[in-house]
Amino acid sequence: RKSIIIALEGVSDPGNVGTILRTCDWFGVNAVGLSKNSVDIYSPKVLRSTMGALFHFPVMNEKDVKEFARTARARHCELFVTAAEGGAELQSVSFPPRSLVVFGNESHGVSDPLLRAADHTLTIPKYGKADSLNVAISCGIILSRMRTQLTDTLPTT
């Protein structure tokens with residue numbers, strides 16, 4: 001069975017979290033976990049930004065992302081983490097049917113322990129001069145790639 005799970009580690013901007021949840025709903029993500037140091041999903045700005053998406057799939061708040069990753073791995077998910085540079089370029093990655101992708105804090109990225117624990121590190125290739133890419137936009141780009149790839153290669157269950 002296909003399963004896409006997203007985890008947010010230390011994502012602190014309510015607009016980003018709301019947009020990520022809405023994007024996850026759009027792409028049919030199965031579940032989202034937020035770390036203890038991420039913004040509260042029930043804050044008014046997050047709730048407004050989700051446009052109701054918060055109620056369409058399980059969202060687990062105040063999780064230990066390392067424990068969340070261990071649980072997902074026990075269920076045969078491969079662990080992907082995102083990095084601004086140094087990871088495998090997104091277009092070269094083959095996503096397995098069961099994947100967990102961790103997005104990190106807007107300023108600091110994914111923590112070192114999670115980077116070390118990952119099966120794969122993903123980087124969206126940079127073509128222009130911008131210093132960084134917004135975490136919610138990164139999530140949308142990666143989910144689009146994942147869904148396109150999984151839809152093209154596997155039957156829907």
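**A guided tour of the predicted chain**

Begin with the entire protein chain in cartoon view: read along the sequence, its elements follow the pattern β-α-β-α-β-α-β-β-β-α-β-α. The model is a predicted one. The cartoon should display five helices and seven strands.

Keep the whole chain selected and consider its dimensions. Its C-alpha atoms fill a box of roughly 40 × 40 × 30 Å along the principal axes. The radius of gyration is 14 Å, which agrees with the value near 15 Å that a compact globule of 157 residues would have. Within the contacts with a separation of 6 or more, 79% are between residues 24 or more positions apart. Switch to a surface representation: the accessible surface comes to about 8400 Å², and carbon and sulfur atoms contribute 52% of that area. Of the 157 residues, 47% count as buried.

Next, select helix H1, residues 14-26. Its 13 residues reach 18 Å from the first C-alpha to the last, close to the 18 Å expected at 1.5 Å a residue. Show the side chains of its buried residues, among them Val17, Ile20, Leu21 and Cys24.

Add Asp13, which caps the N-terminal end of H1. A side-chain oxygen of Asp13 lies 2.9 Å from the backbone nitrogen of Gly15, and Gly15 is itself one of the buried residues of H1. After H1 comes Gly28, with a positive phi near 70°.

Finally, select His76, in the loop between helix H3 (65-74) and strand E4 (78-82). Its phi is also positive, near 70°, here in a residue other than glycine. Is His76 buried or exposed? His76 counts as exposed because its relative accessibility is 67%, and the cut-off for exposed is over 50%.

Technical notes:
Residues are numbered from 1 along each chain as its sequence is written. This is a predicted model: local features need pLDDT of at least 70, side-chain atom pairs count only at pLDDT 80 or more; totals for chains, interfaces and linings use all residues. Side-chain values use heavy atoms; hydrogens and water are left out. Helices (H or I, at least four residues) and strands (E, at least two) are DSSP runs, numbered from the N terminus. Buried means under 20% relative accessible area, exposed over 50%, partly exposed in between (1.4 Å probe, protein chains only). The expected span of a helix is 1.5 Å times one less than its number of residues. A polar contact is a pair of N or O atoms within 3.5 Å; within protein, one must be able to donate a hydrogen and the other to accept it, and residues adjacent in sequence count only if both atoms are side-chain atoms. The radius of gyration is taken over C-alpha atoms; the globule rule is 2.2 Å times the number of residues to the power 0.38. Contact means heavy atoms within 4.5 Å. Accessible areas come from the Shrake-Rupley method with a 1.4 Å probe; for residues, only the protein chains shown count as cover.
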